[in-house]
Amino acid sequence: MSSLRTRRNVIAFLILPVVAGSAQAQVIAPHNAPASWNAYSVMLHNMVQVWLADNTDAALRLGSYFEGMRANDPDGKMSLPLEVWIDPKGMVSDIRYPLFAHDQANADMLTVLRGREMPEPPPADMAQPVSLKLTLSSKGAG
Amino acid sequence: MQGSGFWVDDAGDLVTARHVVDGCGLVVISGQGMSQTAKVVAVSNTDDVALIHAPHTSTMAVVFSEDVANDEGVPVLAASFEALKTLKSSSIFSNGMLQAQDGGTLQLTLQAEQGASGAPVLDRKGLMQGMLIRKAQAQYAMLGPIPMGGTGYVQAVSRDHIGAFLKANGVTFSASGQPQLSPSQNLAARAASLTQGVFCWK
């Protein structure tokens with residue numbers, strides 16, 4: 001089994017759209033968000049999976065880093081909150097997450113995710129950032 | 001053989017027309033810069049529908065319309081994976097019209113180009129009403145003369161028949177009556193996001 005295949009199997013995401021801005025931002029749970037926001041969030045979730053599974057040096061290195069983090073977690077699973085901003089044309093303009101301890105991993109996160117283009121622009125009124133929760137578990141998809 | 005298809009869940013399950021994948025030695029799903037090999041999981045004995053599975057849902061799954069009726073005269077948008085590469089930059093909201101239902105088959109007026117088999121038929125809410133399967137047979141000539149501009153009569157499998165086929169094969173899908181697009185969003189771009197290329201190598 002290749003490292004790429006392994007990485008695809010251990011990354012899962014939960015999605016929560018949130019209002020952009022300060023720490024006081026109001027979280028909008030999916031069940032309270034318009035269907036168009038939820039639809040776009042699901043597409044973002046799937047595209048992040050695709051981007052993380054890229055066959056590029058940065059993505060492969062990042063996948064190995066995630067594997068190491070998961071292996072060192074006593075529960076065998078780990079979650080990473082990720083906030084994503086999408087510009088009006090559908091490009092990932094910024095991301096925010098708790099920084100990793102290693103500069104190379106942080107650089108790889110930016111390389112893999114920032115500047116990527118979604119298949120279509122977001123709803124103009126959609127609150128941002130979109131909050132994704134990356135869950136790395138040992139449960140494989142087969 | 002090249003056709004189109006669409007994801008029906010976030011687990012890598014995709015629906016296309018059965019005839020697109022008949023006798024394929026290798027099936028490849030392509031879209032958004034990603035190609036994946038896929039496996040034919042099930043084919044319908046009654047409709048031109050097939051279920052295939054790939055490792056990833058690369059964009060998003062369609063949402064089945066749960067509106068009470070497929071009303072005649074509803075504007076719809078459906079095109080091949082290839083055609084949508086161009087159409088997505090346009091602002092069109094429909095390229096056809098839902099004309100009639102005959103059991104599990106929908107009759108549409110729209111331009112059906114090569115490779116459109118398996119494409120989802122979307123209404124203006126961005127909800128899936130059916131799937132293109134073929135140009136209409138002669139018996140539907142009663143619907144009237146073929147409109148100008150290359151548009152013709154096309155048949156689609158209804159969402160209800162696709163849904164029943166998926167349920168029989170243990171696939172869970174989403175259905176809603178809510179618009180999946182905000183007023184600012186482009187239906188052609190959504191169709192391009194939803195429609196995948198399905199390539200069959202025999």
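Which helix of chain A has the lowest confidence, and which the highest? In this predicted model, the low end is helix α1 (residues 3-10) of chain A, with a mean of 39, and the high end is helix α4 (residues 103-113) of chain A, at 97.

**View 1. Confidence along chain A.** Taken as a whole, chain A has a mean pLDDT of 80, and 77% of its residues reach 70 or more. The weak start covers residues 1-12 of chain A, where pLDDT is below 50; even so, the model gives this stretch 29 contacts beyond near neighbours in sequence. Residues 19-24 of chain A also stay under 50, with eight contacts beyond four places in sequence. A word of caution for anyone zooming in: where pLDDT is low, the predicted coordinates should not be read in detail.

**View 2. A:Gln104 on helix α4 of chain A.** Here we're looking at a residue of helix α4 of chain A, namely A:Gln104. Is it buried or exposed? A:Gln104 has 12 C-beta neighbours inside 10 Å, so it counts as exposed, given that the cut-off for exposed is 12 or fewer. For a sense of distance, take A:Gly63: the C-alpha atoms of A:Gln104 and A:Gly63 are 12 Å apart, while in sequence the two residues are 41 apart.

**View 3. Where chain A meets chain B.** This contact takes 16 residues from chain A and 22 residues from chain B. On the chain A side, helix α2 (residues 35-52) gives the most, with nine residues. Sorted by class, the chain A side has 10 nonpolar residues, plus three polar and three charged ones.

**View 4. Chain B, whole.** Chain B holds four helices and 14 strands. Along its principal axes, the C-alpha trace of chain B spans about 40 × 40 × 30 Å. How does its radius of gyration compare with that of a compact globule? Chain B has 15 Å, which agrees with the value near 17 Å for a compact globule of 202 residues. Buried residues make up 51% of those 202 residues. As for how the chain folds back on itself, count contacts between residues at least 6 apart in sequence: 72% of them join residues at least 24 apart.

**View 5. The two domains of chain B.** Chain B is divided into domain 1 (2-58) and domain 2 (63-187). Where they touch, 21 residues of domain 1 are in contact with 20 residues of domain 2. On the domain 1 side, the elements giving two or more residues are β1 (2-7), β2 (13-16), α1 (18-21) and β4 (34-43) of chain B. The top contributor to that side is β1(B), with five residues. By class, the domain 1 side has nine nonpolar, eight polar and four charged residues.

**View 6. The largest nonpolar core.** This core has 83 residues, and the ones with the most contacts inside it are B:Ala78, B:Met131 and B:Leu132. Helix α2(A) gives the most to the core, with nine residues. Both domains of chain B take part too: at least three residues come from each of domain 1 (2-58) and domain 2 (63-187).

**View 7. Around B:Ala78.** What does B:Ala78 touch, leaving out residues up to four places away in sequence? Its partners include three leucines, B:Leu110, B:Leu122 and B:Leu132. B:Ala78 also touches B:Gly96, B:Ala116, B:Ala119, B:Pro120 and B:Val121. One of these partners, B:Leu132, is also listed with B:Ala78 among the residues with the most contacts inside the core.

Notes:
Residues numbered from 1 in each chain as written. Chains lettered and ligands numbered in written order. Predicted model: local features only at pLDDT ≥ 70, side-chain atom pairs only at ≥ 80, totals over all residues. Domains from an automatic or database assignment. Contact = placed C-beta atoms within 7 Å. Nonpolar A, V, L, I, M, F, W, Y, C, P; charged D, E, K, R; others polar. pLDDT = per-residue confidence, 0-100. Buried ≥ 20, exposed ≤ 12 C-beta atoms within 10 Å, placed from the backbone. Rg over C-alpha atoms; globule rule 2.2 N^0.38 Å. Core = buried A, V, L, I, M, F, W, Y, C linked by C-beta atoms within 7 Å.
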